[in-house]
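Visitor: Please take one pocket in this model and go through it closely. Then carry on into the contacts and packing of the chain.

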Amino acid sequence: QFDINVPTLFVLECVQMYLPDSASRSLLAAIPKTCKSTTFVALYDPILLSDPFGRVMERNLTNAGVISSSSSSSDSSLFTNRTLSSQMEKIKTAGFDIVIGCDMMNAYETIVTKEQRQCANRCEMLDEIEEWMLIMRHYCFVVGELLSSKGRTDGCNHGDDETATTTHNTNTDGRENEENNVSCLEKLCTVGNNSPLGFVEGKCSVLYQES
């Protein structure tokens, strides 16, 4: 049974691209309206942009039936949200307090560690580097955070603060580990050394909900 009072992560991996934009927005907006604890949404989706490569992607996806040729492009989340900024703005508009994102090329260079990149390179040689880079620039990774009621009241440090501390509660039924996990979760939308996901300043974008 889904518990709206515990921290939750929703993962949307190439989900929105198949939905009308209105349905996609309704889906995202339902999360802040429902969840009471710290909640995250992680989005991986194409961004068509407006360049020649994006137009080829658009044509191929249409031919593949992702978007009905009889449908107006204005009905499609894929066609409506063609940029990283528009994807991030949609999550912010849905009610999330903090949104952070980057294209997959920047994710590969920052979120993926040097050791992981070296391992991937040893597994398989890649000839078409330029085409691969184009593909990576046309997909995005976005994380949105909805603060809990306590987080909204007390505030939450989302900067690169090495002195940030975790509150431990050792006097209530052994819940220390649970509180540590919540504290770690609250750092998912941080940039810099405190970022568990590896978001790096200058390689990602951040939006904050207006107070």
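**The second largest pocket and the packing of the chain**

Guide: Helix 6 gives the largest share of the lining of the second largest pocket, four residues. Two notes on the source come next. This is a predicted model, numbered from 1 along each chain as its sequence is written. Local features need pLDDT of at least 70, side-chain atom pairs count only at pLDDT 80 or more, totals for chains, interfaces and linings use all residues, and side-chain values use heavy atoms, without hydrogens and water.

Some terms. Helices (H or I, at least four residues) and strands (E, at least two) are DSSP runs, numbered from the N terminus. A pocket is an open set of points on a 1 Å grid over the protein atoms alone, where a 1.4 Å probe fits, with protein on both sides within 12 Å along at least five of seven lines; lining residues have an atom within 4 Å of a point.

This pocket has a volume of about 230 Å³ (the space filled by probe spheres set on the points). Its lining is Tyr 108, Val 112, Gln 116, Arg 117, Ala 120, Asn 121, Glu 124, Met 125, Leu 126, Ile 129 and Trp 132. Helix 6 (114-123) and helix 7 (129-137) are the elements that give two or more residues to that lining. By type, seven lining residues are nonpolar, two polar and two charged. Here Asp, Glu, Lys and Arg count as charged; Ala, Val, Leu, Ile, Met, Phe, Trp, Tyr, Cys and Pro count as nonpolar; the others, Gly among them, are polar.

Helix 7 also takes part in a salt bridge (a side-chain nitrogen of Lys or Arg within 4 Å of a carboxyl oxygen of Asp or Glu). Asp 103 pairs with Arg 137, with the closest N and O atoms 3.1 Å apart. Asp 103 sits in strand 3 (residues 98-103) and Arg 137 in helix 7, 34 residues apart. Asp 103 is buried at 13% relative accessible area, while Arg 137 is partly exposed at 33%. Buried means under 20%, exposed over 50%, partly exposed in between (1.4 Å probe, protein chains only).

The count comes to five salt bridges. In another, Lys 203 meets Glu 109, the closest N and O atoms being 3.2 Å apart. Lys 203 is in the loop between helix 9 (176-185) and strand 5 (205-208), and Glu 109 is in helix 5 (residues 104-110), so the pair ties together parts 94 residues apart in sequence. Salt bridges that share partners also join Asp 21, Arg 25 and Lys 90 into one network.

Lys 90 is one of the buried residues of helix 4. Seven of the ten residues of helix 4 are buried. They pack against helix 1 (21-34), strand 2, helix 3, strand 3, strand 4 and strand 5. Gly 95 follows helix 4, with a positive phi near 120 degrees.

Now the core. In soluble globular proteins, nonpolar side chains tend to be buried together. A nonpolar core is a set of buried Ala, Val, Leu, Ile, Met, Phe, Trp, Tyr and Cys residues joined through side-chain atoms within 4.5 Å. The largest has 27 residues, and Leu 78, Ile 100, Val 143 and Phe 199 have the most contacts inside it. Two or more residues each come from strand 2 (39-46), helix 2, helix 3, strand 3, helix 5 and strand 4 (139-146). Helix 5 gives this core its largest share, four residues.

Conventions: Contact = heavy atoms within 4.5 Å.
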